[in-house]
Amino acid sequence: RFDHSNSLLNTFTAEIRDSKIQKDSMRFRRNIERIGEVLAYELSKTLDYGPNTVETPLGSKKMSLIKDDLVLCSILRAGLPLHQGLLSYFDRAENAFISAFRHHPNNEDDFEVVVKYFAAPSLDGKTLILTDPMLATGKTLENVLNVLRGHGTPAKIHIVSVIGSEAGIDYVQKVFPTETELWIAAVDEELNDRGYILPGLGDAGDLAFG
Ligand code: PRP
């Protein structure tokens, strides 16, 4: 988590929360992408850098460039615009996709997270950036982590999210490796007994994709 209490990020999070503005699904997706871009930049400050020499038409310049092998992994489907935002900054990242949805076997108040689709490169020794715009109970991220364990051990994990609940953040900190870093645009205090973040923004998947 990092301090962004007075920053441009508030403009984007205010618009995706606003019940009138969020009805414009193209704007909603683009705002999530823009949050991904800002968080990519902030996260980039914590990556490893190595010396490189760039040849310009008039000479050469020594510069520090990112050394990490990045893998962006997004949770379908609400994660797609956030993924696109990060990918537009981390040009050479490899990509992984995983599906997860809440299944209500008995009633609306009771759910389990189901993972049905997964495609990823090896994660061994790489820097994994896991993206999901909503971190409500944290159960989705926990289930996704369990599937990812079968694909190698990343050197480092970053979680990128847009809105999280305090309870979900605590849960994720408990189940993920201790060195995992969380990048989140906004934190809300409440989580209702159906697992929805309050005041949150509603259902990010539906708002982005109908
Ligand atoms: C939402 C959201 C997260 C998950 C968060 O997905 O996009 O993936 O819930 O909840 P959790 O932290 O309590 O696990 P949803 O099931 O609505 O699917 P969708 O993205 O396809 O709409």
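**Exercise 1.** In which loop does Pro199 lie?

*Solution.* In this predicted model, Pro199 belongs to the loop between strand S13 (197-198) and helix H6 (204-209). Looking next at the backbone that leads into Pro199, one finds that the peptide bond from Leu198 to Pro199 is cis, with omega near -5 degrees. A cis peptide bond also joins Leu76 and Arg77, and there omega is about 5 degrees. Arg77 has its place in the loop between strand S3 (70-76) and H3.

**Exercise 2.** Describe the protein as a whole, starting from its helices and strands and ending with its contacts.

*Solution.* Begin with the count of elements, which gives six helices and 13 strands in the protein. The radius of gyration is 18 Å, close to the 17 Å that the globule rule gives for 210 residues, so the protein is as compact as a globular protein of that length. Taken along the principal axes, the box filled by the C-alpha atoms is roughly 65 × 40 × 30 Å. Turning to burial, 45% of the 210 residues count as buried. Finally, among the contacts with a separation of 6 or more, 63% are accounted for by residues 24 or more positions apart.

**Exercise 3.** Work out how helix H1 (residues 9-17) is placed against helix H2 (residues 25-44), and list the residues that make the contact.

*Solution.* The first step is the geometry: H1 and H2 pack at an angle of about 150 degrees, and their axes are 9 Å apart. Since an angle over 145 degrees counts as roughly antiparallel, H1 is therefore roughly antiparallel to H2. The second step is the handedness, and here H1 passes H2 in a left-handed crossing. The third step is the contact itself, to which H1 gives Leu9, Phe12, Thr13, Glu15 and Ile16, while H2 gives Arg27, Phe28, Asn31, Ile32, Arg34, Ile35, Val38 and Leu39. Sorted by class, the residues of this contact divide into eight nonpolar, two polar and three charged.

**Exercise 4.** Carry out the analysis for helix H4 (residues 139-148) and helix H5 (residues 166-175).

*Solution.* These two helices pack at an angle of about 20 degrees, with their axes 9 Å apart. Because an angle under 35 degrees counts as roughly parallel, H4 and H5 are therefore roughly parallel to each other. The crossing in which H4 passes H5 is right-handed. From H4 the contact takes Lys139, Leu141, Glu142 and Leu145, and from H5 it takes Tyr171, Val172 and Val175. By class, this contact of H4 with H5 has five nonpolar, no polar and two charged residues.

**Exercise 5.** Is Gly85 buried or exposed, and which elements cover the buried residues of its helix?

*Solution.* Start by locating the residue, for Gly85 is found in helix H3 (residues 79-87). Its relative accessible area is 0%, which is under the 20% limit, so Gly85 is buried. Leaving aside neighbours within four places in sequence, Gly85 is in contact with Glu33, Gly36 and Glu37. Gly85 and Arg30 are 55 residues apart in sequence, whereas their C-alpha atoms are 8.4 Å apart in space. Widening the view to the helix, the buried residues of H3 are Gly79, Pro81, Leu82, His83, Gly85 and Leu86. What covers these buried residues includes H2, S3, strand S4 (94-99), strand S8 (127-131), strand S10 (156-165) and H6.

How values were computed
Residues numbered from 1 in each chain as written. Predicted model: local features only at pLDDT ≥ 70, side-chain atom pairs only at ≥ 80, totals over all residues. Heavy atoms only, no water. Axes fitted to C-alpha atoms, helices over the stretch in contact; angles between N-to-C directions. Helix = DSSP H or I, 4+ residues; strand = E, 2+ residues; numbered from the N terminus. Parallel < 35°, antiparallel > 145°, perpendicular 65-115°, else oblique. Left-handed = near helix turned anticlockwise from the far one by under 90°. Contact = heavy atoms within 4.5 Å. Nonpolar A, V, L, I, M, F, W, Y, C, P; charged D, E, K, R; others polar. Rg over C-alpha atoms; globule rule 2.2 N^0.38 Å. Buried < 20%, exposed > 50% of the residue type's maximum accessible area, 1.4 Å probe, protein only.
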